[in-house]
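Grab a pencil and work through these exercises with the model open beside you. Each one sets a task and then walks through the solution.

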Amino acid sequence: MGFLRQFDRIEIESIDEYSLGVARVAIKYTDLNVYTPDGRIKWFFEDPDRIHVVESLSEQTDRQSLRMNQSPFEMGYAKRDWSYISSAAAFQNVFLWQAFTDGRKGPFKYIEVVLTKIAGIGAILANLSVGIRVWNKS
């Protein structure tokens with residue numbers, strides 16, 4: 001959560017699987033509000049009190065807001081502004097420690113989704129009818 005604690009709010013230019021993952025974590029574990037012009041975000045939250053669908057986002061970004069976009073090349077280096085990054089980079093920053101711990105930091109629930117070798121996380125959202133097996137791993 002350290003990555004998210006440096007911001008006052010989250011702005012999402014367009015919803016994708018990575019921005020939704022970051023928004024879910026922010027809503028569950030922080031007091032951040034999420035702003036986006038993409039109304040589809042409300043499909044993914046049961047109680048969207050801190051989810052705000054706005055007409056548009058400000059043209060100017062400020063370093064107090066995490067602004068996520070869908071450009072895979074935007075990592076903050078070009079503008080030297082690490083608050084304006086791709087949703088995939090933000091997702092990786094939030095889930096960095098999960099990779100180091102191999103998911104063995106506590107009583108987690110795991111989901112196994114069987115897809116082809118070339119399918120990515122987008123395939124899960126595109127085809128919600130896949131078989132999912134959930135279990136508690138101790």
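**Exercise 1. Find the strand partners of β1.**

Step 1: Start with β4 (residues 65-69), which runs parallel to β1 and is joined to it by four bridges. Two strands count as paired if DSSP finds at least two bridges between them. Helices (H or I, at least four residues) and strands (E, at least two) are DSSP runs, numbered from the N terminus.

Step 2: Pick out one bridge here: I12 has M68 in β4 as its partner.

Step 3: Now turn to β2 (residues 33-36), also parallel to β1 (residues 9-12), with three bridges between them. Across from R9 you'll find N33 in β2.

Before going on, a word on the ground rules. This is a predicted model, so local features need pLDDT of at least 70 and side-chain atom pairs count only at pLDDT 80 or more, while totals for chains, interfaces and linings use all residues. Residues are numbered from 1 along each chain as its sequence is written, and side-chain values use heavy atoms, with hydrogens and water left out.

**Exercise 2. Work out the hand of the unit made by β1, α2 and β2.**

Step 1: Recall the test: a crossover is right-handed if, with the strands pointing away from the viewer, the path from the first strand over the helix to the second runs clockwise.

Step 2: Apply the test, and this β-α-β unit comes out right-handed.

Step 3: Look at the loop between α2 and β2, where T30 sits. T30 has 16% relative accessibility, so it counts as buried (buried is under 20% relative accessible area, exposed over 50%, partly exposed in between; 1.4 Å probe, protein chains only). A polar atom of the T30 side chain lies 3.2 Å from the backbone nitrogen of L32.

**Exercise 3. Track down the aromatic pairs and classify them.**

Step 1: Know the rule: rings of Phe, Tyr and Trp (its six-membered ring) pair if their centres lie within 6.5 Å; planes under 30 degrees apart are stacked, over 60 edge-to-face, and the rest tilted. You should get three pairs in the structure.

Step 2: Take F3 and F7, at 5.6 Å centre to centre with 75° between the planes: edge-to-face. F3 is buried at 15% relative accessibility, and F7 is buried at 5%.

Step 3: Try Y18 and F91, whose ring centres are 5.3 Å apart with planes at 70°, so this pair is edge-to-face too. It links distant parts of the chain, 73 residues apart: Y18 belongs to α2 (residues 17-29) and F91 to α3 (residues 87-94). Y18 is partly exposed at 26%, as is F91 at 21%.

**Exercise 4. Which rings have the charged ends of R9 and R24 over them?**

Step 1: Set the cut-offs: NZ of Lys or CZ of Arg must be within 6 Å of the ring centre and within 35 degrees of the ring normal.

Step 2: For R9, the ring is that of Y35, with the charged end 3.9 Å from its centre. For R24, pick F45, at 5.3 Å.

**Exercise 5. Which element gives the most to the largest nonpolar core?**

Step 1: Define the core as buried Ala, Val, Leu, Ile, Met, Phe, Trp, Tyr and Cys residues joined through side-chain atoms within 4.5 Å. The largest one has 23 residues, and L4, I10 and L66 make the most contacts inside it.

Step 2: List the suppliers of at least two residues each: α1 (2-5), β1, α2, β4 and α3. The top contributor is α2, with six residues.

Conventions:
Polar contact = N/O pair within 3.5 Å; in protein donor to acceptor, adjacent residues only side chain to side chain.
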